[in-house]
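Reader: Before we discuss labels, please show me the model. I would like each label set against its cut-off.

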Amino acid sequence: MAFLEVKAVSKDYGGVRALSDVSFQVKQGEFHSVIGPNGAGKSTLINLLTGLARPTRGAIVFEGCDISSRKTHEIIGMGVGRIFQNGRLFERLTVLENVMMGHSARKPPSLLRLAYSPRNASVDQAESREAALQMLERFGLAQYAGRQIGSLSYGSRRLVEMAKVMVGRPKLLLLDEPAAGLNSGEVERLMSLLQVLRKEHQLSVVLIEHNMNMVMRLAERITVLNFGKKLAEGTPAQVSANETVLAAYLGEGYRSAAL
Amino acid sequence: MNKKNAKNASLILALVLSLGAASLLPNAVGEYWVRLTNAALISSAAVLGLNFVLGYAGQISMMHASVAGMGAYAVAIGTVKFGLNPWLGCLIGMATAGAFSYVTGILLLRLKGHYFALATLGINVSFIIVVSNLVEITGGSNGLTGIPALTILGFAFDSERRFYYLALVAVVLLAVFASYVRHSQLGRSMIAVRDDELAASVSGLNVTAVKVTALTLGGVYAGVAGVMFALHARFVAPEDFSTSTSIVYLAMLVVGGEATILGSILGAFVITFLPEWLRWLGSAYLVIFGLLVLLMLFLAPRGLAGLFGFAWSKWKAQLSSKEAGKWRFSK
């Protein structure tokens with residue numbers, strides 16, 4: 001049984017077909033990348049995987065459970081974590097509070113618990129605070145803990161978002177262009193962090209990225225989308241040697257660069 | 001750590017001093033001013049509740065006065081018609097207001113933004129119509145009289161000065177609990193929902209549940225305000241819980257400073273007292289009142305609390321630059 005299975009999924013928006021009959025599988029612990037030109041349907045795919053949109057046809061099965069009609073917070077609660085394309089953090093919370101929000105799925109906020117067992121609530125609070133501080137430490141962000149999000153650089157904000165997702169201990173991590181807007185040093189840092197975290201948590205990853213350097217170095221399998229259809233799937237070596245992929249997305253320049 | 005302890009100690013000292021001053025207040029001013037202060041404290045309770053709904057969770061509720069009305073009528077009907085103990089009436093009032101908000105939230109919070117605001121406005125209007133027409137139970141537009149006073153061991157809170165202490169304790173407790181909620185996962189979740197609903201749900205939050213919880217908690221606070229209102233005036237009538245009161249609560253929160261506990265209380269006091277301070281203007285006072293509120297919104301969009309926070313940080317910065325080292329209380 002596959003860990004994550006996308007089964008013949010199509011998605012229409014009005015008359016526009018954003019995804020057409022796309023299938024692929026992700027094994028447990030696999031680093032899977034989805035690439036393709038802008039408008040190929042990559043973000044639509046991630047929205048389907050997180051319940052922000054429903055497939056028009058087909059099914060998405062995560063750990064043997066059909067999640068295509070589940071609510072977003074339920075899917076996240078099953079062990080899925082997602083990073084947004086342009087970063088989405090809570091501006092009115094501090095860095096630490098933002099990271100603590102990553103616990104929401106495992107410990108849903110409850111008024112009854114607050115009112116009737118304040119002691120348990122304060123234990124929860126201390127635990128999630130401790131976990132968040134540790135994660136900030138891991139990401140080299142501990143000194144920003146008390147700061148407002150707005151005062152951080154773009155690169156640091158992306159890392160905070162990553163720390164927030166990791167605090168929720170996901171089994172499957174969905175990354176929507178995590179390297180966009182980062183400088184090359186920050187991209188290197190992000191890659192090494194991803195590799196370490198992956199090993200530590202037996203994490204499966206679906207990565208959407210235009211940075212081919214990152215994709216080729218990290219991914220074990222690649223699915224290529226073009227105009228909502230699956231163009232190819234294979235190992236990085238297979239994909240970068242595929243004539244249709246070169247023509248549609250990577251370009252002739254990539255062949256010479258890769259050689 | 002030392003610095004933090006010193007800060008906490010001075011904060012507690014400031015609190016104790018201001019509570020001490022507050023407890024002496026009724027002896028220093030006339031009965032009329034105590035009455036106004038009581039009204040301001042009752043409004044504070046309601047606005048602290050609205051702060052969960054609008055200030056934290058970002059939902060514009062225009063029915064807050066009717067929720068308070070639920071609490072007020074529950075205690076009034078319970079004590080006058082069924083002869084219940086007023087303390088039991090208080091509990092029933094709070095529970096009624098909370099349950100009313102919870103059900104409304106379940107039904108209406110699938111509506112977003114302005115649609116929710118309009119729907120709650122409709123609820124407040126309906127509430128007034130229903131209460132005015134159920135004459136048998138609510139006394140219609142004449143209201144209900146003869147609500148007994150609260151008593152503890154024979155001490156009745158039946159005068160302005162006596163009621164003041166009760167109201168003060170209630171508002172302090174409500175404010176402390178509000179601060180506790182704000183710094184819990186629930187408080188953070190409410191703020192997250194207001195900041196970015198999509199990101200909140202992708203963080204694993206059940207956004208609707210968080211909104212319903214905020215509305216319910218706000219409803220219980222409004223219920224406390226309603227109960228206090230009924231036991232203070234010892235009389236309830238529909239017009240005290242009309243949509244215009246709901247709008248006044250919103251104005252109090254915005255003028256005081258959304259999403260701050262101090263601001264909620266400040267706003268309630270300023271909006272209650274301002275008409276009195278502007279009395280010498282005669283009938284022109286409403287114009288000046290409106291202009292002042294507008295000016296406030298332009299000059300201090302984060303409200304009075306934001307203004308104070310700004311002044312405080314300036315003052316602190318000045319101290320630390322001018323007298324570096326001199327003003328250290330702790331190592």
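Author: Contact here means heavy atoms within 4.5 Å. The model is a predicted one. By that cut-off, residues of α2(B), among them B:V34, B:L41, B:L48 and B:F52, meet residues of α7(B), including B:F163, B:L168, B:V171 and B:L174.

Reader: Why are α2(B) and α7(B) called roughly parallel?

Author: The axes of α2 (residues 31-56) and α7 (residues 160-182) of chain B cross at roughly 20 degrees and come within 9 Å. Angles under 35 degrees count as roughly parallel, so α2(B) and α7(B) get that label. Their crossing is left-handed.

Reader: What is the make-up of the contact of α2(B) with α7(B) in nonpolar, polar and charged residues?

Author: The contact has 16 nonpolar, three polar and five charged residues. B:E31 and B:R35 of α2(B) and B:E160, B:R161 and B:R182 of α7(B) take part in it. Glu and Arg count as charged.

Reader: What makes α2(B) and α12(B) oblique to each other?

Author: α2(B) packs against α12 (residues 261-277) of chain B at about 140 degrees, with the axes 7 Å apart. Roughly antiparallel needs an angle over 145 degrees, and roughly perpendicular covers 65 to 115. The angle of about 140 degrees belongs to neither class, so the pair is oblique. The crossing of α2(B) and α12(B) is right-handed, and the residues of their contact divide into 15 nonpolar, six polar and one charged.

Reader: How do you know that A:N183 is partly exposed?

Author: Its relative accessible area is 44%. Buried means under 20% and exposed over 50%, with partly exposed in between; A:N183 therefore counts as partly exposed. A:N183 lies in the loop between β7 (172-176) and α7 (184-201) of chain A.

Reader: Which backbone atoms does the side chain of A:N183 reach, and what makes these polar contacts?

Author: The side chain of A:N183 reaches the backbone nitrogen of A:G185 at 3.1 Å. A polar atom of that side chain also lies 2.8 Å from the backbone nitrogen of A:E186. The cut-off for a polar contact between N or O atoms is 3.5 Å, and the distances of 3.1 Å and 2.8 Å are within it.

Reader: Why is A:S240 called buried?

Author: A:S240, in helix α9 (residues 236-241) of chain A, has a relative accessibility of 18%. The limit for buried is under 20%, so A:S240 qualifies. A polar atom of the A:S240 side chain lies 3.3 Å from the backbone oxygen of A:A237.

Conventions:
Residues are numbered from 1 along each chain as its sequence is written. Chains are lettered from A and ligands numbered from 1 in the order in which they are written. This is a predicted model: local features need pLDDT of at least 70, side-chain atom pairs count only at pLDDT 80 or more; totals for chains, interfaces and linings use all residues. Side-chain values use heavy atoms; hydrogens and water are left out. Axes are lines fitted to C-alpha atoms, for helices over the stretch in contact, and angles run from 0 to 180 degrees between N-to-C directions. Helices (H or I, at least four residues) and strands (E, at least two) are DSSP runs, numbered from the N terminus. A crossing is left-handed if the near helix is turned anticlockwise from the far one by less than a right angle, and right-handed if clockwise. Buried means under 20% relative accessible area, exposed over 50%, partly exposed in between (1.4 Å probe, protein chains only). A polar contact is a pair of N or O atoms within 3.5 Å; within protein, one must be able to donate a hydrogen and the other to accept it, and residues adjacent in sequence count only if both atoms are side-chain atoms.
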